[in-house]
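The paragraphs below lead through one part of a fold at a time, beginning with strands and moving on to helices. Please keep the sequence and the structure in view while reading.

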Amino acid sequence: MLIVTLYTRKDCKLCDEVKAELVELQSKYPHRLVEVDIDSDSALLEKFSMEIPVVEVGPYTLQAPITRQKLQVTIGAAFDRKNQLEQLEDPEYKQRIQKGKSVTTGDRFSFWISKRYLLILNLFMLFYVGLPFLAPTLMKLNADLPAQVIYRMYKPLCHQFGFRSFFLYGEQLYYPLAEARLQGVKTFEEATGIANLSDPYSFTRFEARNYIGDDAVGYKVALCERDIAIYLAILGFGIVFGLTGRRFKSLHWMLWLLIGIAPIGLDGFSQLFSQFNWEWLAALVPYRESTPFLRAFTGALFGLATAWFAYPNIEESMSETRQYYVKKFAVNQASE
């Protein structure tokens with residue numbers, strides 16, 4: 001039987017009029033009417049709040065104002081199309097019909113994910129960026145074994161150089177290399193006694209990577225300064241995105257490149273290339289060591305721009321998924 005979907009809401013006079021017209025057309029064009037309340041889902045409300053009543057039948061859509069003539073022509077066209085597809089025994093059409101007849105566990109899980117994906121992402125980011133802060137806290141509490149587990153978990157994901165990481169429970173929040181030329185702070189070399197760190201090929205850099213800290217210096221966060229800023233910015237945007245009703249439009253890709261990629265690329269790559277100790281390159285890129293502020297600032301810009309670019313696009317996709325399943329569930333419930 002032909003399915004006619006009416007997007008409606010309570011106290012909608014025009015919707016009631018369209019419903020009455022559909023009842024009158026039932027004898028000429030037998031169909032099953034499925035009503036979808038747009039207030040049941042934020043995506044439907046945003047899409048149809050200014051357009052209801054909206055009628056969908058097959059591939060055809062009608063928006064207000066909807067007359068009896070328009071309904072009759074549209075349903076008639078959908079009827080003819082349905083009969084033609086059934087006569088042709090189109091396998092794709094049969095598959096769609098069969099798929100729409102039942103609601104599977106996979107359907108319900110997909111719908112659940114589409115409604116709660118942002119909560120899942122935010123919880124993941126909170127967990128991912130929170131564990132690195134737990135490691136120094138555990139070290140401070142003399143719980144060395146679980147702290148070491150966290151440091152090892154994140155080691156493949158981050159360089160963990162002590163001179164490019166934040167420290168908790170010590171004299172300073174960070175201990176940069178002397179080459180960073182920050183005034184008024186103790187350098188990493190002074191705090192730890194590990195020297196010859198300006199050479200990227202130096203074995204002492206492995207010491208700096210494995211260095212966790214002590215009660216005087218503090219204990220290292222398990223992700224570097226830049227990574228901490230990236231993931232905290234993503235988490236912050238995700239929270240704001242949710243609290244504001246997911247209404248942000250996606251950041252233009254050119255702005256993402258300008259705000260997110262360019263600063264972090266300039267800071268990171270200029271530092272990297274300047275420290276290779278190649279004479280021909282030294283003339284073009286003088287030696288430099290970035291500062292904790294620049295690492296955190298460019299990391300935060302990258303995280304913010306990336307989340308701003310990605311999350312609205314994810315929401316658009318999830319919104320379409322929710323609309324599909326709300327309609328499918330309504331059709332399935334109406335046929336029971």
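In this predicted model, a convenient place to start is F167, which stands opposite K220 in strand β7. That pair belongs to the ladder between strand β5, residues 165-168, and β7, where the two strands pair in the antiparallel sense over three bridges. As a general matter, strands of a sheet pair through backbone hydrogen bonds, in either a parallel or an antiparallel arrangement.

Strand β7 also has strand β6 as a partner: β6, made of residues 213-214, runs antiparallel to β7 and is joined to it by two bridges. Within this pairing, G213 has Y219 of β7 as its bridge partner, while D214 is matched with G218 of β7. The two strands form a hairpin, with three residues between β6 and β7.

Taken together, these strands make an open sheet of three strands in the order β5-β7-β6, with antiparallel pairing. Strands β5 and β6 are its edges, since each of them pairs on one side only. As for β7, which covers residues 218-224, the strand is mostly covered, and seven of its seven residues are buried.

From the sheet one can pass to the helices by way of α9, which lies across β5 and β7 and runs at about 60 degrees to β7. Helix α9, residues 225-243, also meets helix α5, residues 105-140: their axes come within 9 Å and cross at roughly 150 degrees. Because an angle over 145 degrees counts as roughly antiparallel, α5 is roughly antiparallel to α9. The crossing of these two helices is left-handed. On the α5 side, the contact is made by Y117, L118, N122, M125, L126, Y128, V129, P132 and F133, and on the α9 side by I228, Y231, L232, I234, L235, G238, I239, F241 and G242. What is the character of the residues in this contact of α5 with α9, counted as nonpolar, polar and charged? The residues divide into 15 nonpolar and three polar, with no charged residue among them.

Helix α5 has a further contact, with helix α6, residues 144-154, and here the axes come within 8 Å and cross at roughly 140 degrees. At that angle α5 and α6 are therefore oblique to each other, and α5 passes α6 in a left-handed crossing. The residues of α5 that make this contact are F127, Y128, L131, P132, L134, A135, P136, L138 and M139, and those of α6 are D144, P146, A147, I150, Y151, M153 and Y154. In the contact of α5 with α6, the division is 15 nonpolar, no polar and one charged. Y128 and P132 of α5 take part in the contact with α9 and also in the contact with α6.

A last stop lies elsewhere in the sequence, at T8, which has its place in strand β1, residues 2-8. Is T8 buried or exposed? Its relative accessibility is 9%, and because buried means under 20%, T8 counts as buried. If its neighbours within four places in sequence are left aside, T8 is in contact with C15, E35, V36, D37, I38 and I52.

How values were computed
Residues are numbered from 1 along each chain as its sequence is written. This is a predicted model: local features need pLDDT of at least 70, side-chain atom pairs count only at pLDDT 80 or more; totals for chains, interfaces and linings use all residues. Side-chain values use heavy atoms; hydrogens and water are left out. Axes are lines fitted to C-alpha atoms, for helices over the stretch in contact, and angles run from 0 to 180 degrees between N-to-C directions. Helices (H or I, at least four residues) and strands (E, at least two) are DSSP runs, numbered from the N terminus. Angles under 35 degrees count as roughly parallel, over 145 as roughly antiparallel, 65 to 115 as roughly perpendicular and the rest as oblique. A crossing is left-handed if the near helix is turned anticlockwise from the far one by less than a right angle, and right-handed if clockwise. Contact means heavy atoms within 4.5 Å. Ala, Val, Leu, Ile, Met, Phe, Trp, Tyr, Cys and Pro count as nonpolar, Asp, Glu, Lys and Arg as charged, and the others, Gly among them, as polar. Buried means under 20% relative accessible area, exposed over 50%, partly exposed in between (1.4 Å probe, protein chains only). Two strands pair if DSSP finds at least two bridges between them.
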